[in-house]
Amino acid sequence: STHRFVVHLSRTEHRVVDADDIYLVEARGDASLVRLRGRDPLVDIRPLGDLEPALSDAGIIRIHRQHAVNPSRIHTIRLQPDGRDWEVTLEPPVNAVLPVARDRLA
């Protein structure tokens, strides 16, 4: 069964998306940027921390205070050149390279 996630575009408009289509959710001040496959990002008016329970239910995991990702969209997990910190690269077309917080590595 496909999980659905509701993006709050405003107090009066919400968009329902398939969680599988979410690659990345980024903190943007008091809002969150939801990056989907092949579409312009959607801005959710809620902060990332407020989205975390619903994202978690949809299988999206927090990897950093600024980022939550869809594990099924991760292409590579790699140790950074400093030898201490890790990063993930997301699949095309997003291709984002994101740091993984040490307390989120598991």
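The exchange below walks through strands, loops and salt bridges in a predicted model.

Biologist: In what order do the 3 strands of the open sheet stand?
Modeller: Strands of a sheet pair through backbone hydrogen bonds, either parallel or antiparallel. Here the pairing is antiparallel. The order of the open sheet is 8-9-10.

Biologist: Which strands stand at the edges of that sheet, and why is one side of each left without a neighbour?
Modeller: Each edge strand has a single partner strand, so one of its sides has no neighbour in the sheet. The twist from one strand to the next averages 25 degrees. The edge strands are strand 8 (74–79) and strand 10 (97–100).

Biologist: How many bridges join strand 8 to strand 9?
Modeller: Strand 9 covers residues 86–90 and runs antiparallel to strand 8. One of the pairings puts threonine 76 opposite threonine 89 in strand 9. The number of bridges joining the two strands is 5.

Biologist: Is tryptophan 86 buried, partly exposed or exposed?
Modeller: Tryptophan 86 sits in strand 9. With Ile77, Leu79 and Leu105, Trp86 forms a nonpolar surface patch of about 340 Å² accessible area together. Buried needs under 20% and exposed over 50%. At a relative accessible area of 30%, tryptophan 86 is therefore partly exposed.

Biologist: Is the peptide bond from proline 92 to proline 93 cis or trans?
Modeller: Proline 93 lies in the loop between strand 9 and strand 10. Omega for the bond from proline 92 is near 5 degrees. The bond is cis.

Biologist: What is the phi of asparagine 95?
Modeller: Asparagine 95 lies in the loop between strand 9 and strand 10. Its relative accessible area is 43%, which makes asparagine 95 partly exposed. Asparagine 95 is not a glycine, yet its phi is positive, at about 55 degrees.

Biologist: What is the relative accessible area of leucine 36?
Modeller: Leucine 36 belongs to strand 4 (residues 31–36). Leaving out residues up to four places away in sequence, leucine 36 touches Val17, Asp21, Ile22, Tyr23, Leu42 and Val94. Leucine 36 is buried, with a relative accessible area of 4%.

Biologist: How far is leucine 36 from proline 53 in space, C-alpha to C-alpha?
Modeller: Leucine 36 and proline 53 are 17 residues apart in sequence. In space, their C-alpha atoms are apart by 19 Å.

Biologist: Which residue meets arginine 46 in a salt bridge?
Modeller: Side chains of opposite charge can pair when their charged atoms come close. The structure holds 9 salt bridges. In this one, N to O is 2.8 Å. The partner is buried, with a relative accessible area of 0%: aspartate 44.

Biologist: Which residue of strand 6 meets glutamate 52 in a salt bridge?
Modeller: Glutamate 52 is in helix 1 (residues 48–57), and its partner is in strand 6 (residues 61–64), 10 residues apart. Glutamate 52 is partly exposed at 27%, while the partner is buried at 15%. N to O is 2.8 Å, and the partner is arginine 62.

Biologist: How far apart are the closest N and O atoms of aspartate 85 and arginine 102?
Modeller: Aspartate 85 lies in the loop between strand 8 and strand 9, and arginine 102 in the segment after strand 10, so the salt bridge ties together parts 17 residues apart in sequence. Aspartate 85 counts as buried at 17%, whereas arginine 102 is exposed at 55%. The closest N and O atoms are apart by 2.7 Å.

Methods: Residues numbered from 1 in each chain as written. Predicted model: local features only at pLDDT ≥ 70, side-chain atom pairs only at ≥ 80, totals over all residues. Heavy atoms only, no water. Pairing = 2+ DSSP bridges. Helix = DSSP H or I, 4+ residues; strand = E, 2+ residues; numbered from the N terminus. Axes fitted to C-alpha atoms, helices over the stretch in contact; angles between N-to-C directions. Patch = residues over 30% accessible without salt bridge, like charges linked within 9 Å, V, L, I, M, F, W, Y side chains within 5 Å. Areas by Shrake-Rupley, 256 points an atom, 1.4 Å probe, with all protein chains shown as cover. Salt bridge = Lys/Arg side-chain N within 4 Å of Asp/Glu carboxyl O. Buried < 20%, exposed > 50% of the residue type's maximum accessible area, 1.4 Å probe, protein only. Contact = heavy atoms within 4.5 Å.
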